[in-house]
Amino acid sequence: MRDDTILNHDKLYPFGAVVPPLYQTSTFGFESWEALDGAFDDRTGTPIYSRQINPTVRLAEQKLAALAGAESARLFGSGMAAISASILHVVGHGDHIITIKNVYGPTSTFLASYLPEKAGTSISFVDGADLSEVEEALQPRTRLIYLESPSSAVFGIQDIRAISEMAHERDIRVIVDNTWATPVYQKTLELGADLEVHSASKYLCGHSDVVAGAVIGNKQDIDSIAVREGELLGAKMAPFEAWLMLRSLRTLTARLDRHQRNARTVVDYLDSHEAVAEVRWAGLASHPQGDLARRQMSGFTGLLGFVLKTKDVTSVRRFFDSLQLFRRAVSWGGHDSLVYAPAISYLKEQPPERFSELGISVGDIRISVGLEDPEDLVQDLKQAFEAMS
């Protein structure tokens, strides 16, 4: 089945319901010793306790796996829970990890600080655009290459297929954060990745009312994550959040199409504005990796960045605070348009020397283009530019 059918077609549920039931239960009963004993022998297939399996959560996992062209998926209570579980599944004490410089801030902290302190791992940060730079970073104990394409803040793109082929020749695993593009616009597993991770709070849920994460891959990996990192760390997804996610998945392709069309209108305006030095959006014809983006992705979503020409903090703050339709908030991917200045958190999350290495300045602005009328969003940006000047 194609994506729209996968996301919208369901069997009829009890009483002919066309929407799946919500199994809001913590535990499940069994008729006998033998039945319960058998369930413990099938811990990835039979619900015993909702920390491990819940039918509502399982249905959302099956939908997501089918969308990504994968055998299985595991949902978590947040994107970082999914990211940390997938990384812990791959690496052990003393292993080496390669990732990109512009990886999501908390992921960077987990890889660069938490894991070295707790597990003696080491980390190499690379630009990611050049395969030879990734190869030069390889070490005898390299076990994982962690990608995020497009990347946070600067929206750089990595060649997932080429990096995966190079990694697998050396028995190295590849994980890709595919939150930006979603499995609708980018099939990372088909490109060679071993695991795909998501902050499902973004487009997959899409209404700014759920915090969730997902890991997608083959059944062996996902079953192992389920009974180890999933059970032992306990960062499960709740049934109600999974039910809301099922609601959201039905409109995912329609929402993404509108996000993309709205973003293109906003990008066209920003790209021609005299106060803007650069627009960062993978769908822009002038994107330095545009050919690769079009080769890997079938579409482009509504998260983008642009750089103001001014580096005067007062002017940047005046622009930021003058926006009226764009809500000042973290996160993105919901129906509502949001604006954020990466400098606010990056200066707190990263050492000063790394901040400049990331290619981010105080003039960087990130916007998540929502589902409002795009002309209204353009007018909001226009009046904010006027207030800045």
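Modeller: Before we start: the radius of gyration here is taken over C-alpha atoms, and the globule rule is 2.2 Å times the number of residues to the power 0.38. Also, keep in mind that this is a predicted model.

Biologist: Okay, what radius of gyration does the protein have, against a compact globule with 389 residues?

Modeller: For 389 residues, the rule puts a compact globule near 21 Å. The protein agrees with that, because its own radius of gyration is 21 Å.

Biologist: And how much of the protein counts as buried?

Modeller: To count as buried, a residue needs under 20% relative accessible area. Out of the 389 residues, the share that passes is 56%.

Biologist: Let's zoom in on S199: is it buried or exposed?

Modeller: S199 sits in strand β6, residues 195–199. Its relative accessible area is 13%, and the cut-off is under 20%. So S199 is buried.

Biologist: Which side chain makes a polar contact with that of S199?

Modeller: Leaving out residues up to four places away in sequence, S199 touches G79, T179 and A212. The polar contact between side chains is 3.1 Å long, and the partner of S199 is K202.

Biologist: Now L12: is that one buried or exposed?

Modeller: L12 lies in the loop between α1 and α2. With V18 and V19, L12 forms a nonpolar surface patch of about 290 Å² accessible area together. Exposed means over 50%, and L12 has 61% relative accessibility, so L12 counts as exposed.

Biologist: Last one: what covers the buried residues of α10?

Modeller: Helix α10 spans residues 239–249, and its buried residues include P239, L244 and L249. Their cover includes α1, α3, β1 and α11.

Notes: Residues are numbered from 1 along each chain as its sequence is written. This is a predicted model: local features need pLDDT of at least 70, side-chain atom pairs count only at pLDDT 80 or more; totals for chains, interfaces and linings use all residues. Side-chain values use heavy atoms; hydrogens and water are left out. Buried means under 20% relative accessible area, exposed over 50%, partly exposed in between (1.4 Å probe, protein chains only). Helices (H or I, at least four residues) and strands (E, at least two) are DSSP runs, numbered from the N terminus. Contact means heavy atoms within 4.5 Å. Patches are made of residues with over 30% relative accessible area and no salt bridge: like charges are joined within 9 Å, nonpolar side chains (Val, Leu, Ile, Met, Phe, Trp, Tyr) within 5 Å. Accessible areas come from the Shrake-Rupley method with a 1.4 Å probe; for residues, only the protein chains shown count as cover. A salt bridge is a side-chain nitrogen of Lys or Arg within 4 Å of a carboxyl oxygen of Asp or Glu. A polar contact is a pair of N or O atoms within 3.5 Å; within protein, one must be able to donate a hydrogen and the other to accept it, and residues adjacent in sequence count only if both atoms are side-chain atoms.
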